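Work through these exercises with the model open beside you. Each task is followed by a solution in steps.

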Amino acid sequence: MGIKGRLRYHDLRHEATSTLVEMGLSDAKVRQITGHKSAQMLYRYAHLRSEDLVAELDAAKLMQLNIRCALFSVWRCCNGSRHSSE
């Protein structure tokens with residue numbers, strides 16, 4: 001984050017709030033720490049959780065693909081050994 005001009009309190013609060021949300025703290029805890037009066041103010045940070053969710057889903061899909069490939073390799077190995085002994 002480059003600093004252009006003056007650094008404002010709001011900039012620091014925004015950075016802290018973003019970091020807490022990315023860490024997975026609940027809205028109630030983030031509001032308590034940052035002093036936001038309403039949950040509405042935290043909605044602007046909700047996309048940070050969405051980005052983490054998308055990354056987790058992508059990782060889960062990759063893991064599922066790796067498992068399928070491994071199972072197919074085992075099946076092919078076992079199926080191939082059956083046919084070769086006949």
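**Exercise 1. Find the elements with the lowest and the highest mean pLDDT**.

Step 1. Helix 3, residues 46-85, has the lowest mean pLDDT among the elements, at 76.
Step 2. Helix 2, residues 27-34, has the highest, at 88.
Step 3. Set these against the whole chain. This is a predicted model, and the mean pLDDT of its protein chain is 78. Of the residues, 78% reach 70 or more.

**Exercise 2. Decide whether Thr17 is buried or exposed, and list what it touches**.

Step 1. Locate Thr17: it lies in helix 1, residues 9-22.
Step 2. Apply the cut-off: buried means under 20% relative accessible area. Thr17 has 0% relative accessibility, so it counts as buried.
Step 3. List the contacts, leaving out residues up to four places away in sequence. Thr17 touches Val30, Thr34, His36, Leu42 and Tyr45.

**Exercise 3. Name the residues of the largest nonpolar core, then follow Leu42 outward**.

Step 1. The core has five residues: Leu20, Val21, Val30, Leu42 and Tyr45.
Step 2. Recall the background: in soluble globular proteins, nonpolar side chains tend to be buried together.
Step 3. Take Leu42. Not counting residues up to four places away in sequence, Leu42 touches Thr17, Asp27, Val30, Arg31 and His36.

**Exercise 4. Identify the residues of the nonpolar surface patch of about 320 Å², and classify Ile67**.

Step 1. Met63, Ile67 and Leu71 make the patch.
Step 2. Place Ile67: it belongs to helix 3.
Step 3. Ile67 has 45% relative accessibility, so it counts as partly exposed.

Terms used. Residues are numbered from 1 along each chain as its sequence is written. This is a predicted model: local features need pLDDT of at least 70, side-chain atom pairs count only at pLDDT 80 or more; totals for chains, interfaces and linings use all residues. Side-chain values use heavy atoms; hydrogens and water are left out. pLDDT is the predictor's confidence in each residue, from 0 to 100. Helices (H or I, at least four residues) and strands (E, at least two) are DSSP runs, numbered from the N terminus. Patches are made of residues with over 30% relative accessible area and no salt bridge: like charges are joined within 9 Å, nonpolar side chains (Val, Leu, Ile, Met, Phe, Trp, Tyr) within 5 Å. Accessible areas come from the Shrake-Rupley method with a 1.4 Å probe; for residues, only the protein chains shown count as cover. A salt bridge is a side-chain nitrogen of Lys or Arg within 4 Å of a carboxyl oxygen of Asp or Glu. Buried means under 20% relative accessible area, exposed over 50%, partly exposed in between (1.4 Å probe, protein chains only). A nonpolar core is a set of buried Ala, Val, Leu, Ile, Met, Phe, Trp, Tyr and Cys residues joined through side-chain atoms within 4.5 Å. Contact means heavy atoms within 4.5 Å.
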